[in-house]
Amino acid sequence: MLSHPKKASFYSSTTTYDDYGAEVKANTLSFETGVRLVTMSFKEQMRATGTVDTTKFHCFTRKNTNTLTVASGDYVLVDGVSYQVIGVDPMYQNRAEIMFLLDMVEETIV
C-alpha cells in the first residue's frame, strides 16, 4: 500500500488581462490529495552541482485524473509552504504513482 502522509492543495495558475492590457495572475484551487515529499538525494546533488539545495523536492502522489492534469507552472501548498511545479515525471504511464519536481517559492500563492 502506498503511503501519502501529507495533505497537499494543488492550484492551477491562470493569466488574464485587464482593460489596460496588464497581466492579472490568479491561482485557483484544483484539488487536494495526499503526497509524499522526498528531497533530491545528497549524492545526486553533490555530483551534479557540488552543493546541496534544500528548496527542491520530488513529490509523489497517486495517479488519477486530477494529478494527470497538473502542468509545469502550477502551484502546490504543503504544510503552509508554497511550491511551484517545475517538472512532471515524463514516464508516468508505467506506475501507479506520478512524480513532480517542486521548487519552493517565496510568495504566498493564496
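In β6, G87 has L101 as its bridge partner. That link belongs to the pairing of β5 with strand β6 (residues 97-104), an antiparallel match over 5 bridges. The model is predicted. Its strands form a closed barrel of 6, in the order β1-β2-β3-β6-β5-β4, with antiparallel pairing. From one strand to the next, the twist averages 45°.

**Barrel: β1 and β2**

- Strand β1 covers residues 6-17, and strand β2 covers residues 23-39.
- The two run antiparallel and are joined by 12 bridges.
- S13 has its bridge partner in β2, namely N27.
- The hairpin of β1 and β2 has 5 residues between the strands.
- In that hairpin, G21 takes a positive phi near 85°.

**Barrel: β3 and its neighbours**

- β2 and β3 run antiparallel, with 4 bridges joining them.
- C59 in β3 stands opposite L37.
- On the other pairing, 7 bridges join β3 to β6, and these strands also run antiparallel.
- F60 has M99 as its bridge partner in β6.
- β3 is mostly covered, with 5 of its 7 residues buried.

**Aromatic pairs**

- The whole structure holds 3 aromatic pairs, according to a search.
- F57 and Y83 form an aromatic pair with an edge-to-face arrangement.
- Their ring centres are 5.6 Å apart, and the planes meet at 85°.
- Edge-to-face applies because the angle between the planes is over 60 degrees.
- F57 lies in strand β3 (residues 56-62) and Y83 lies in strand β5 (residues 81-88).
- The pair therefore ties together parts that are 26 residues apart in sequence.
- F57 has a relative accessible area of 13%, so it counts as buried, the cut-off being under 20%.
- Y83 is buried too, with a relative accessible area of 5%.
- Elsewhere, F10, F31 and F100 form one aromatic cluster.

**The loop between β4 and β5**

- D79 lies in the loop between β4 (75-78) and β5.
- Is D79 buried or exposed? D79 counts as exposed, at 57% relative accessibility.
- The backbone at D79 has a positive phi of about 55°, although D79 is not a glycine.
- Most residues other than glycine have a negative phi.
- G80 lies in the loop between β4 and β5 as well.
- With a relative accessible area of 68%, G80 is exposed.
- How far apart are G80 and S9 in sequence and in space? They are 71 residues apart in sequence and 9.8 Å apart in space, C-alpha to C-alpha.

**Picture to keep**

- The frame is a closed barrel of 6 strands.
- Within the barrel order, β3 stands between β2 and β6. It is joined to β2 by 4 bridges and to β6 by 7 bridges.
- β3 also supplies F57 to the aromatic pair, while β5 supplies Y83.
- Both F57 and Y83 are buried, whereas D79 and G80 are exposed.

Terms used. Residues are numbered from 1 along each chain as its sequence is written. This is a predicted model: local features need pLDDT of at least 70, side-chain atom pairs count only at pLDDT 80 or more; totals for chains, interfaces and linings use all residues. Side-chain values use heavy atoms; hydrogens and water are left out. Rings of Phe, Tyr and Trp (its six-membered ring) pair if their centres lie within 6.5 Å; planes under 30 degrees apart count as stacked, over 60 as edge-to-face and the rest as tilted. Buried means under 20% relative accessible area, exposed over 50%, partly exposed in between (1.4 Å probe, protein chains only). Two strands pair if DSSP finds at least two bridges between them. Axes are lines fitted to C-alpha atoms, for helices over the stretch in contact, and angles run from 0 to 180 degrees between N-to-C directions.
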